[in-house]
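Me: I would like to talk through this structure with you, one question at a time. Could you walk me through the reasoning as we go?

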Amino acid sequence: QVQLAESGGGLAQAGGSLRLSCAASGIIFSYNYMGWYRQAPGNQRELVATITNSGRTNYVDSVKGRFTISRDNAKNTVYLQMNSLKPEDTAVYYCAAKPPWGTSYDYWGQGTQVTVST
């Protein structure tokens, strides 16, 4: 059974930092592509960052230079370091996984709330 468990969300002030973690089980973690999505109230879920099994990363324009996605295959964990947070980063953040051949992310975590105050 695949499980993705996010942690590290919470309340931060604008300009502050948070680090999200996502621990995976039930998949061959090192083989999978991993992603972070977010969904703010009234908005569609949007892709924030992805990392391939070889470590290549990609980001949505709104977080480039502020967020960093990374992975530790020995710990079956993917991270999202979020710096210079803005109120518009407030959302529920979801971890997702897919095999390299997948066209969409198949596995999802329950999400963790990030709230950025002014």
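Me: Happy to start with the surface: what share of the accessible surface of the chain belongs to carbon and sulfur atoms?
Reply: Keep in mind that this is a predicted model. The accessible surface of the chain comes to about 6,100 Å². Of that area, the part that belongs to carbon and sulfur atoms is 46%.

Me: Thanks! Which elements does the chain run through, from the N terminus on?
Reply: The chain has zero helices, and its strands number 11. From the N terminus on, the order is therefore written with strands throughout: β-β-β-β-β-β-β-β-β-β-β.

Me: And what is the radius of gyration of the chain?
Reply: Along the principal axes, the C-alpha atoms fill a box of roughly 40 × 25 × 25 Å. For 118 residues the globule rule gives 13 Å, and the chain comes close to that, so it is as compact as a globular protein of that length. The radius of gyration of the chain is 13 Å.

Me: What percentage of the contacts with a separation of 6 or more is between residues 24 or more positions apart?
Reply: Let me put burial beside it: buried residues make up 43% of the 118 residues. As for the contacts in the chain with a separation of 6 or more, the share from residues 24 or more positions apart is 55%.

Me: Now the charges, please: how far apart do the centres of the positive and negative side chains lie?
Reply: The chain carries 10 positive side chains and 7 negative ones. Taking the centre of each set, the distance between the two is 5 Å.

Me: Let's turn to strand β11. Which residues form its covered face?
Reply: In a regular strand, side chains alternate between the two faces of the sheet. Strand β11 spans residues 112-117, and its uncovered face holds Gln113, Thr115 and Ser117. The covered face is made of Thr112, Val114 and Val116.

Me: Which residue of β11 is the bridge partner of glutamine 13?
Reply: Strand β2 (residues 10-13) runs parallel to β11, and four bridges join the two. Within that pairing, glutamine 13 has as its bridge partner serine 117.

Me: Which residue in β11 does alanine 91 stand opposite?
Reply: Strand β9 (residues 91-98) pairs with β11 over three bridges, in the antiparallel sense. Opposite alanine 91 in β11 stands valine 114. Strand β11 has that residue on its covered face, together with Thr112 and Val116.
So the name you asked for is valine 114.

Me: Is threonine 50 buried or exposed?
Reply: Threonine 50 has its place in strand β5 (residues 46-51). Leaving out residues up to four places away in sequence, threonine 50 touches Met34, Gly35, Arg56, Thr57, Asn58, Ile69 and Tyr105. Its relative accessibility is 14%, and the cut-off for this class is under 20%, so threonine 50 counts as buried.

Me: What is the phi of asparagine 76?
Reply: Asparagine 76 is found in the loop between β7 (67-72) and β8 (77-82). At 27% relative accessibility, asparagine 76 counts as partly exposed. Although asparagine 76 is not a glycine, its phi is positive, at about 55°.

Me: Last one: how far apart in space are serine 84 and threonine 103, C-alpha to C-alpha?
Reply: Serine 84 lies in the loop between β8 and β9, and at 40% relative accessibility serine 84 counts as partly exposed. Among the residues that serine 84 touches are Gly15, Arg66 and Asp89. Serine 84 and threonine 103 are 19 residues apart in sequence, and their distance in space is 32 Å.

Definitions and conventions
Residues are numbered from 1 along each chain as its sequence is written. This is a predicted model: local features need pLDDT of at least 70, side-chain atom pairs count only at pLDDT 80 or more; totals for chains, interfaces and linings use all residues. Side-chain values use heavy atoms; hydrogens and water are left out. The radius of gyration is taken over C-alpha atoms; the globule rule is 2.2 Å times the number of residues to the power 0.38. Buried means under 20% relative accessible area, exposed over 50%, partly exposed in between (1.4 Å probe, protein chains only). Contact means heavy atoms within 4.5 Å. Accessible areas come from the Shrake-Rupley method with a 1.4 Å probe; for residues, only the protein chains shown count as cover. Lys and Arg count as positive and Asp and Glu as negative; His and the chain ends are not counted. The place of a charge is taken as NZ of Lys, CZ of Arg, CG of Asp or CD of Glu.
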